[in-house]
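Here are some brief notes to read alongside the model. They begin with its aromatic pairs, then turn to a helix and a pocket.

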Amino acid sequence: MLRYVTTNDGKVREAEEYLEEVVAVDYDYPEIQADSMRAIAAEGARSAYRHVEAPVIVDDAGLFIEGFDGFPGPYSSYVEDTLGVERVGRLARREDATRARFRCVVAYCDGDGFEATPEPVDTEERRGQDIAADDRGAAATDESVAEGALPVRLFAGAVPGRIVEPRGEGGFGYDPIFEHDGTTFAEMDPAEKNAVSHRGRALASFAEWFADRTP
Ligand code: IMP
């Protein structure tokens, strides 16, 4: 039985499309402050695993506006709570910085040793590589796993789009201002969003790997 540790029910509904046996665990694990979503997700999975003591996934996601050097990125939640989605949208449109992408990193931890993703290290030099790796998926790097750290496996997904005036009633967060192929995420039903979304892509690659891991 796999636990999706999150306080967001919408994420678990999305995961159910990819995973047969997944249950939600409503636990608000402490999030480290870092510029790398891979590092945030990895630490989140470790905290979540220590809390539930069973196989877990967590995810970290954010909106990256290209013309704003990736802002709000890993700070998307803070910016949603402070500036608000509509102001972020207005700002991006006013500055003609509408190209954007959502990124998501799903992190798995079960306390066991397995072929873990090398430890993401959040340093200035690595940042560019981290972003590229987020787009490629669980890409290997030459970093070694920090000694004593619980092994974690990371799966990434990204989706390109553009920032538009808010449209649609569905979804959550930045969905109303994010348009992909002419439709905002808030105008899609959950299955449509899942088929193209950053989280859907990350979950699909996790599900493929996990199917081989399950006896
Ligand atoms: P978290 O990873 O759930 O903490 O999300 C970080 C921030 O990104 C929050 O402000 C979410 O509302 C936003 N966010 C994450 N995923 C999505 C999505 O699929 N659509 C819209 N906003 C999202």
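1. **Aromatic pairs overall.** A search of the whole structure turns up 11 aromatic pairs. Bear in mind that this is a predicted model. Two of the pairs are described next.

2. **Phe 102 and Phe 185.** This aromatic pair is stacked. The ring centres are 5.7 Å apart, and the planes differ by 10 degrees. Phe 102 belongs to strand E4 (residues 99-109), while Phe 185 sits in the loop between strand E7 (183-184) and helix H6 (190-196), so the pair ties together parts that are 83 residues apart in sequence. Are these two residues buried or exposed? Both Phe 102 and Phe 185 are buried.

3. **Tyr 108 and Trp 209.** Here the ring centres are 5.4 Å apart and the planes meet at 70 degrees, so the pair is edge-to-face. Planes over 60 degrees apart count as edge-to-face. Tyr 108 lies in strand E4 and Trp 209 in helix H7, so this pair links parts that are 101 residues apart in sequence. Tyr 108 is buried, and its relative accessible area is 2%.

4. **An aromatic cluster.** Which residues join Tyr 108 and Trp 209 in one aromatic cluster? They are Phe 155, Phe 206 and Phe 210.

5. **Helix H2, its length.** H2 covers residues 37-52, which is 16 residues. At 1.5 Å a residue, it should span 22 Å. Its end C-alpha atoms are 22 Å apart, so the model agrees with the expected span.

6. **Helix H2, its surroundings.** Of the 16 residues of H2, 12 are buried, so the helix is largely enclosed by the rest of the structure. Among the buried ones are Met 37, Ile 40, Gly 44 and Tyr 49. Two arginines, Arg 38 and Arg 46, are buried as well.

7. **Helix H2, its ends.** At the start of H2, a side-chain oxygen of Ser 36 comes to within 3.2 Å of the backbone nitrogen of Arg 38. After the helix comes Glu 53. The phi of Glu 53 is positive, near 55 degrees.

8. **The largest pocket.** Its volume is about 780 Å³. The pocket is lined by 32 residues, and the closest to its centre are Lys 11, Glu 31, Asp 60, Ala 61 and Ser 77.

9. **What lines the pocket.** Strand E3 (56-65), helix H3 (76-82) and helix H7 (198-213) each supply at least two residues of the lining. Which element gives the largest share? Strand E3 does, with 5 residues. By type, the lining residues divide into 14 nonpolar, 9 polar and 9 charged.

Conventions
Residues numbered from 1 in each chain as written. Predicted model: local features only at pLDDT ≥ 70, side-chain atom pairs only at ≥ 80, totals over all residues. Heavy atoms only, no water. Helix = DSSP H or I, 4+ residues; strand = E, 2+ residues; numbered from the N terminus. Expected span 1.5 Å × (residues − 1). Buried < 20%, exposed > 50% of the residue type's maximum accessible area, 1.4 Å probe, protein only. Polar contact = N/O pair within 3.5 Å; in protein donor to acceptor, adjacent residues only side chain to side chain. 1 Å grid on protein atoms, 1.4 Å probe; cavity = no way out; pocket = protein on both sides within 12 Å on 5 of 7 lines; lining within 4 Å. Points joined across faces, edges and corners; volume = space filled by probe spheres on them. Nonpolar A, V, L, I, M, F, W, Y, C, P; charged D, E, K, R; others polar. Phe/Tyr/Trp six-rings, centres within 6.5 Å; stacked < 30°, edge-to-face > 60°.
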